[in-house]
Amino acid sequence: MGKPLKKELLIAPSILAGDFGHLADEAKRIEEAGADMIHFDIMDGHFVPNLTLGPKALAAVNQATNLFLDVHIMVYNPFDFVKRLALAGADRITFHFEATEDVEKVLAYIRRTGIEAGLAFRPETSQEFIARFLPLADLVLLMTVSPGFGGQKFHEEVLDKIRFIREICEKQDLRKGGVVPKEGETLPPYAIQVDGGIDDKTAPLCVEAGANVLVAGTYLFKESGLKEGIELLKGCGA
Ligand code: DX5
Ligand code: ZN
């Protein structure tokens with residue numbers, strides 16, 4: 001818990017695209033390749049039509065790495081999983097706005113467990129719902145594909161949403177963790193994450209629009225090679 005993050009443009013390889021027969025080795029490989037964190041997708045077969053990993057696999061990954069564990073839960077009743085995932089080593093839990101009526105309660109509960117809270121939005125969810133949660137969350141995840149599967153095509157229309165949210169953060173001077181800095185205080189920018197179809201072509205578009213945390217699965221594991229791909233994606237922030 002509470003491991004520090006490193007740079008301003010953060011790269012989060014999605015272990016969903018890795019080899020499920022060797023998750024611990026994949027976690028080590030991600031760390032050695034220079035990633036800032038590991039993105040860990042949990043699905044329930046209801047909120048999205050797929051099943052993936054759970055707390056036990058997360059605990060195994062946590063044993064294998066010191067990297068920050070960025071857990072994205074695509075499940076109904078997110079409240080019920082917070083404690084178990086925090087105990088298994090999650091450093092941040094990001095749940096979906098569309099999965100619960102108790103968004104504020106779940107955000108507060110995650111923070112009370114001592115880890116970061118993230119809030120995710122499907123591509124089709126209106127940007128008008130997002131602003132009021134910004135000060136209550138440590139990160140906003142704007143999905144750039146329909147959640148549920150890796151390897152899908154990037155939704156270009158989400159770029160406007162990224163721009164819209166970054167503008168709100170700037171207008172309200174919201175920084176990391178939803179905090180407004182005091183006079184003279186320097187704080188890192190608010191965390192806007194994108195997830196789905198991120199590669200060397202779509203990453204620069206997202207960064208230009210205002211994203212500063214990039215999740216990538218298929219591109220890093222099946223196209224570029226982990227180390228080379230992470231370096232290329234990091235270059236989008238330069
Ligand atoms: C999809 C997951 C993603 C997935 C992204 O629902 O949230 O994290 O791993 O995979 P790519 O990068 O292949 O689109
Ligand atoms: Zn994800």
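## The shell around ligand 1

Sorted by class, the residues around ligand 1 in this predicted model comprise eight nonpolar, 10 polar and two charged ones. The shell has 20 residues, and the closest are Ser-14, Gly-148, Asp-195, Gly-197 and Thr-218.

Which element gives the largest share of this shell? That is S2, with three residues.

## Pocket and burial

If you are wondering where to look for ligand 1, it sits in the largest pocket. Three elements each give two or more residues to the shell around it: strand S2 (37-43), strand S3 (68-74) and strand S8 (213-216).

Now for the polar side of things. The side chain of Thr-218 has an N or O atom 2.4 Å from an oxygen atom of ligand 1. Thr-218 also belongs to the closest residues of the shell. Two histidines take part as well: an N or O atom in the side chain of His-72 is 3.2 Å from an oxygen atom of the ligand, and for His-39 the corresponding distance is 3.3 Å. How much of ligand 1 does the protein bury? Taken alone, ligand 1 exposes 390 Å², and 98% of that is buried by the protein.

## Salt bridges

Let us turn to the charged pairs. The structure holds 13 salt bridges. One of them joins the side chains of Asp-70 and Arg-92, with an N to O distance of 3.0 Å. This pair links distant parts of the chain, as Asp-70 is in strand S3 and Arg-92 is in strand S4 (residues 92-96), 22 residues apart. Strand S3 is thus a name to keep in mind, since it also gives two or more residues to the shell around ligand 1.

## Two backbone angles to check

Most residues other than glycine have a negative phi. Against that background, two residues are worth a look on a backbone plot.

Asn-77 is not a glycine, yet its phi is positive, at about 50°. Where does Asn-77 lie? Its place is the loop between S3 and helix H3 (79-87).

Asp-173 is the other residue to look up: its phi is also positive, near 55°, and it is a residue other than glycine. Asp-173 is found in the loop that runs between helix H5 (158-172) and strand S7 (191-195).

Definitions and conventions. Residues are numbered from 1 along each chain as its sequence is written. Chains are lettered from A and ligands numbered from 1 in the order in which they are written. This is a predicted model: local features need pLDDT of at least 70, side-chain atom pairs count only at pLDDT 80 or more; totals for chains, interfaces and linings use all residues. Side-chain values use heavy atoms; hydrogens and water are left out. A residue is near a molecule or strand if one of its heavy atoms lies within 4 Å of it. A polar contact is a pair of N or O atoms within 3.5 Å; within protein, one must be able to donate a hydrogen and the other to accept it, and residues adjacent in sequence count only if both atoms are side-chain atoms. Accessible areas come from the Shrake-Rupley method with a 1.4 Å probe; for residues, only the protein chains shown count as cover. On a 1 Å grid over the protein atoms alone, a cavity is a set of points where a 1.4 Å probe fits but cannot get out, and a pocket is an open set with protein on both sides within 12 Å along at least five of seven lines; lining residues have an atom within 4 Å of a point. A molecule sits in a cavity or pocket if more than half of its atoms lie within 2 Å of its grid points. Helices (H or I, at least four residues) and strands (E, at least two) are DSSP runs, numbered from the N terminus. Ala, Val, Leu, Ile, Met, Phe, Trp, Tyr, Cys and Pro count as nonpolar, Asp, Glu, Lys and Arg as charged, and the others, Gly among them, as polar. A salt bridge is a side-chain nitrogen of Lys or Arg within 4 Å of a carboxyl oxygen of Asp or Glu.
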